Amino acid sequence: MTPLEDAQAFVLESCPPREPVTMPREQAGGLVLADVVVSTEIVPPFNNTAVDGYAVRSVDVATVPVELTVVGEIAAGAAPDGNVGPGETIRIMTGAPMPPGADAVVMVEYSERLGEDDAGNERVRLSESVAAGTAIRGAGDDVVVGEELFFEGTQITPAIEGVLASINAQEVRVYPRLKVAVLSTGDELITDGSPLAPGQIRESNKIMLAGMLAEAGCQVVDLGVVRDDEVELERVLRDAAVECDAIVSSGGVSMGDYDVVKAVLGRIADMTWMQMAIKPAKPFAFGKLDGVPVFGLPGNPVSSMVSFELMARPALRRMMGHTQLARTSVVAIVDHDLRRNADGKLHFMRVNGGFAEDGRYHVAPVNAQGSHQLAATASADAMAVVPDGDGINAGSEVAVLLLQS
Ligand code: AMP
Ligand code: MG
């Protein structure tokens, strides 16, 4: 049996990051930066008010209340068209540029409109003193020209997309999104919702894997269910290797007579067939078909999921430029015994967990651990990594991998 770390190291080594590309910012959400982002603009672009209120000379409001003449009004988006002189103020809305002469803003909450005086000038009474600079957002106090904002290896989050727009970065250099083909194999699998004939089961892995690929940030190409037929499978795989950057298949990698994935890939691709020292997901295949990485996951649904998590997801993320490849790992307290047999394998037991009053993360196993029992596994939010031996007693610590991002 191959130790997990050896298998992971081999697969990761064979899946280097793809060549970066330059693309429009709008298409780059979720991708990983391949270069530092340096701003060529300042944000904000001009001094502006943080509040709705009155732009004043701070000396004029040193003693309050004070009455000032309102000589204008500036909305956000308007350019100032006048100065604030002694005894004067301009009504101003959040985001509007500061008019020359003013050095602070008094919030509208501290104002009272007095109407027009005899000469027809609008007057306001202000009841708060403000120091110079109050409620002004200075030009460039978020971003300055030449500032290095985000570095290679950073995933473009929605907030980063917002910043890229704010500095007018039209294009970004990123690792391209992977286009990944997914298929499942097996004569027993049906997908059309019709009644099950004897021996048939409903397909679940491809649906699950497509979702997991999407969650990992890949573009999914759904190749459907392929019959246990070598000619058909070879055609599908060869086409996928032309169209896609990676291929994920489920089923047919064990020792059975109808394990056609094994037969076909063994003939047309450069594959390594592994018996990994883990449970579930012992059989696993990895290799390249015309240079395209192929992940041959086992057919049992839970094995398929665990195999994807441990083998395919980290490698696909590496190809997309991620540097954090594994799921977050925490040390948890076991609330119920995690029993197992000594078999030379690392066991990935599906558990549910949460933080308790002691501030520690606590886990308990889901109620079924069979590799065909996807329903129980689907209710888990983590996998406990249980070393070889007879298990872990309640109250002891165990490392767990959190399955949600
Ligand atoms: P295999 O790896 O093809 O020998 O399949 C192992 C077990 O997983 C068998 O019981 C299959 O019926 C089942 N299985 C294989 N592929 C799928 C699938 N896509 N959805 C649900 N069960 C599957
Ligand atoms: Mg099969």
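Two strands pair if DSSP finds at least two bridges between them. Strands (E, at least two residues) are DSSP runs, numbered from the N terminus. This is a predicted model, where local features need pLDDT of at least 70, side-chain atom pairs count only at pLDDT 80 or more, and totals for chains, interfaces and linings use all residues. Residues are numbered from 1 along each chain as its sequence is written, chains are lettered from A and ligands numbered from 1 in the order in which they are written, and side-chain values use heavy atoms, with hydrogens and water left out.

**Exercise 1. Work out how β1 fits into its sheet.**

Step 1. Find the partner. β1 pairs with strand β13 (residues 171-175) in the antiparallel sense, over 4 bridges.
Step 2. Pick out one bridge. V21 has V174 of β13 as its bridge partner.
Step 3. Place the sheet. It is open, has 3 strands in the order β1-β13-β2, and its pairing is antiparallel.
Step 4. Look at the edges. β1 (21-24) and β2 (32-33) each have a single partner strand, so one side of each is left without a neighbour in the sheet.

**Exercise 2. Find two strands that pair with β29, and one bridge for each.**

Step 1. Take strand β23 (residues 329-334). Its pairing with strand β29 (residues 397-402) is antiparallel and spans 5 bridges. Here V330 is bridged to V400 of β29.
Step 2. Take strand β27 (residues 382-386). It runs antiparallel to β29 and is joined to it by 4 bridges. Here V385 is bridged to A399 of β29.

**Exercise 3. Describe the site of ligand 1.**

Step 1. Locate the ligand. Ligand 1 sits in the largest pocket. A pocket is an open set of points on a 1 Å grid over the protein atoms alone, where a 1.4 Å probe fits, with protein on both sides within 12 Å along at least five of seven lines. To sit in it, a molecule needs more than half of its atoms within 2 Å of the grid points.
Step 2. List the neighbours. Ligand 1 has 16 residues around it (a heavy atom within 4 Å). E188, E203, S204, G252 and G299 come nearest.
Step 3. Sort the shell. It holds 3 nonpolar, 9 polar and 4 charged residues. Asp, Glu, Lys and Arg count as charged, and Gly counts among the polar ones.
Step 4. Check the polar contacts (N or O pairs within 3.5 Å). A ligand nitrogen is 2.8 Å from a side-chain N or O atom of E203. A ligand nitrogen is 3.0 Å from a polar backbone atom of S204. A ligand oxygen is 2.9 Å from a polar backbone atom of G252.
Step 5. Add the cover. Alone, ligand 1 exposes 480 Å², and the protein buries 77% of that (Shrake-Rupley method, 1.4 Å probe).

**Exercise 4. Spot the unusual backbone geometry.**

Step 1. Recall the rule. Most residues other than glycine have a negative phi, and most peptide bonds are trans.
Step 2. Check V43 to P44. This bond is cis, with omega near -10°. P44 is in the loop between β3 (37-38) and β4 (48-49).
Step 3. Check A135. Its phi is positive, near 65°. A135 is in the loop between β10 (122-126) and β11 (136-137).

Note on methods. Polar contact = N/O pair within 3.5 Å; in protein donor to acceptor, adjacent residues only side chain to side chain. 1 Å grid on protein atoms, 1.4 Å probe; cavity = no way out; pocket = protein on both sides within 12 Å on 5 of 7 lines; lining within 4 Å.
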